[in-house]
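This report covers charged side-chain contacts, then one pairing of strands. Please keep the sequence and the model at hand while reading.

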Amino acid sequence: MRKRPLCFVVVGLIFIQILLTKGGLIGYDRAFSFLSEDEVYVAEAVGIVYKKEQKPNGQVLYLKDSEIILDNRSIHHSKIQVRIATKDQIIIGNKIKVRGKATGFQSARNPGNFDLKKYYATRGVYIQLKADDIKIIDDKRYLVRENLSRLRAAWKELLFCQMGTHYGSIMTAMLTGEKSELDEETAKLYKQVGISHILAISGLHMSFIGFGIYKLLRKMGKSFVVAGAESFVFLVAYTLLSGCAVSAVRALLMFLIRMGAEMTGRDYDMVTSMVVTAFVMCLWSPLYLTDEGFLLSYVALLGIAVVVPSMQVYFHPKNKWTKSIILGIGIQITLLPVLLFFFFEFSIYSVFINSLILPGMSVILGSGIVGSFIGVFWKEGARGVFGICKCMLWLYELLSKRVRNLSNSTVITGKPALIGISIYYVLLCIFCYVAFRVNARQMKWKRGRIAVLFALVLTTVMTLSCVLPQKESGKLIVTMLDVGQGDGIYIKTPGGRNLFVDGGSSNVTKVGEQRIAPFLKSKGVRRLDYVLISHGDADHKNGIEELLENQKYGIEINTLLLPPRSVWDEGIEKLALLATSNGTKVQVFEEGQMMEEKLFCIECLAPGKQYKGKSGNEASMVFELCYQNFRMLFTGDLEGIGESELEESGKLKKCSVLKVAHHGSKNSTSEKFMEETRPKVALISSGINNRYGHPDLETLERLKKYDCEIYQTKKKGAITLKTDGQSIQIYENLE
């Protein structure tokens, strides 16, 4: 740092930014603090279109310099996202007036889920509006941005025409940043093996294009100043065309600094450049300090600038292949804590596969750009160039599938603790410092042994920081997830077994992939020992169906516990067949059966063996969970004759916590049921603004009458309960 005074000062300023952001003094715009994601506002807005995105079902427009009126509350100078169902020719630069319904963006409703609110707040957008009416009030145009937008659309059309839908969508993502039509299976495959970064506009793209143009201009005889200025202007245009991704903006700013250094005859220092650009971006939006794209981009660059040279001191790579492997390992070592913090898993073969594919990326990008240029004038000639891209992408997919099919290719660790991450990076800094000291003094240490020892220490620290926070010895943990209008409850037993009760939704698409699986991964859950399904309605099982279909590469389910066969309906039949075909054991859980471990047990109470009613809600599986003095009753969608028979059976006892039946419907949780159970706490799972009006006011009044403390997922997201068998602590995800 003594040789980098500017770097030292800027690091200090960034640290101050972190403290201010953590303290809430900067970051979120307080003008929007009143916004509620569960409230729909009648809205009217006027603003200038500065960006637009074409979607299969319409357009998404972004407005700036706007004024929006939400239920008679006026907000000025805000950015707004507007969704329109038509593909009207709205031009970037037009000033438009829109009317419709507006809401805030949704926060992460469960631990481990994606935080849409934070993502858009980082980019200065706080309101989304679904337009019913739109009117152009000023037809002024931003010609540069509009033409770039049209160029992007034309480029996409050319790639699809030349390469087909599958490979065309991949190349479109790589070259233009447009992912709206990218095949989901391809995106998932690349993510699972750790190469999803090649599908985004990154520093690799910007460096390849920027320095490629710069070197070409220099060979054409242009001066440093002219070549640097022209290549920078081209990169600015490309950044705007590709949607201004975080990594692209970072690369653009660093390119500007590097060109400035060359033009003025000064030395270029990557670390200082990186720190200065990070500070500039955080001045524009302090929330970048918590943005995963920002952190991944800069941490990867830190690995290239600091960690990789440190490793080279120890290993002395002598050929390109060895250097490529060390580069991949160095980046992965630096990125590991950040990757686990945001994604909770990593591919153990990612270093290997990245070392194979990264050298070929320049060929793919170069061929894609050259083929696109030729394709404008000579379509037949361009096909040969694009054939190179298709061939390499085919090889990448083949390699990715082979790697994914290797046993235990993905390790799910859970979300590491911040203290563990801090210790990890402190040790990594020590490693780098020692390496540079060794190199400076030309000391002859047994470098290979030191490097191996240090790698083991880092691995141990990271493993402990991930695993230890997930284990709370002697405690029972129950989390009612917010799955929208449905049910999904995770149970961690005191003995360490992982259970899940139901898992589905009627209003959240891909609830298993987008809500349940990320939550489980954040808790370090690779396998569910038991999944209990109360009945066959889709809002209790469609998320579990997703897990069963994807368990080869995701969350495994060991055993599925279903109600007695006498009450199976078509939904349960299909679920049982799906489980069996995917290697999951299927068992029934009948009245009187128990699942036990030390001081803990689960007992099935209903449906009774004499039950003669129909399948569905009335036949919901009901069971009681007991741990020392703690009792919790799980009721599915119990109602009607099923609830009446249970009330008359004498099996109901006073309980600590009640999972309220049927999302708080008025047809469940009768007066007599409450009299028998008298719960202290009631948990209700229902969706925001659900069309059924759950929970019903009558049910809520009945719960309050018995002095129940009521928690609802639609208000505060996931609800987590922890108990040692005596006392209970309850946490809401959205405090």
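## Salt bridges overall

The model is predicted. It holds 28 salt bridges. Three of them are described below, together with a network of shared partners.

## E44 and K97

E44 pairs with K97 in a salt bridge. Their closest N and O atoms lie 3.8 Å apart, which falls within the 4 Å cut-off and therefore counts. The two residues come from distant parts of the chain, 53 residues apart. E44 sits in strand β1, residues 41–55. K97 sits in strand β4, residues 95–104.

Are these two side chains buried or exposed? E44 has 28% relative accessibility, so it counts as partly exposed. K97 has 25% and is also classed as partly exposed. Buried would require a value under 20%.

## D482 and R109

D482 and R109 form a salt bridge with an N to O distance of 2.6 Å. This pair also links distant parts of the chain, with the two positions 373 residues apart in numbering. Both partners lie in loops. D482 is in the loop between β8 (476–480) and β9 (486–492). R109 is in the loop between β4 and α2 (116–122).

Here the accessibility values are 3% for D482 and 2% for R109. The cut-off for buried is under 20%. D482 therefore counts as buried, and so does R109.

## R631 and E624, and a network

The side chains of R631 and E624 meet in a salt bridge at 3.0 Å, N to O. The two partners fall into separate accessibility classes. R631, at 26% relative accessibility, is partly exposed. E624, at 4%, is buried.

Some bridges share partners. Which residues do they join into one network? The members are E44, K97, R99 and D133. The E44–K97 bridge described above thus has both of its residues in this network.

## Strands β19 and β20

Strand β19 covers residues 681–684, and strand β20 covers residues 709–712. The two strands run parallel and are joined by four bridges. V681 stands opposite E709 in β20.

How does the chain get from β19 to β20? The path goes through helix α20, residues 697–705. This β-α-β crossover is right-handed.

Notes: Residues numbered from 1 in each chain as written. Predicted model: local features only at pLDDT ≥ 70, side-chain atom pairs only at ≥ 80, totals over all residues. Heavy atoms only, no water. Buried < 20%, exposed > 50% of the residue type's maximum accessible area, 1.4 Å probe, protein only. Pairing = 2+ DSSP bridges. Right-handed = clockwise from strand over helix to strand, strands pointing away.
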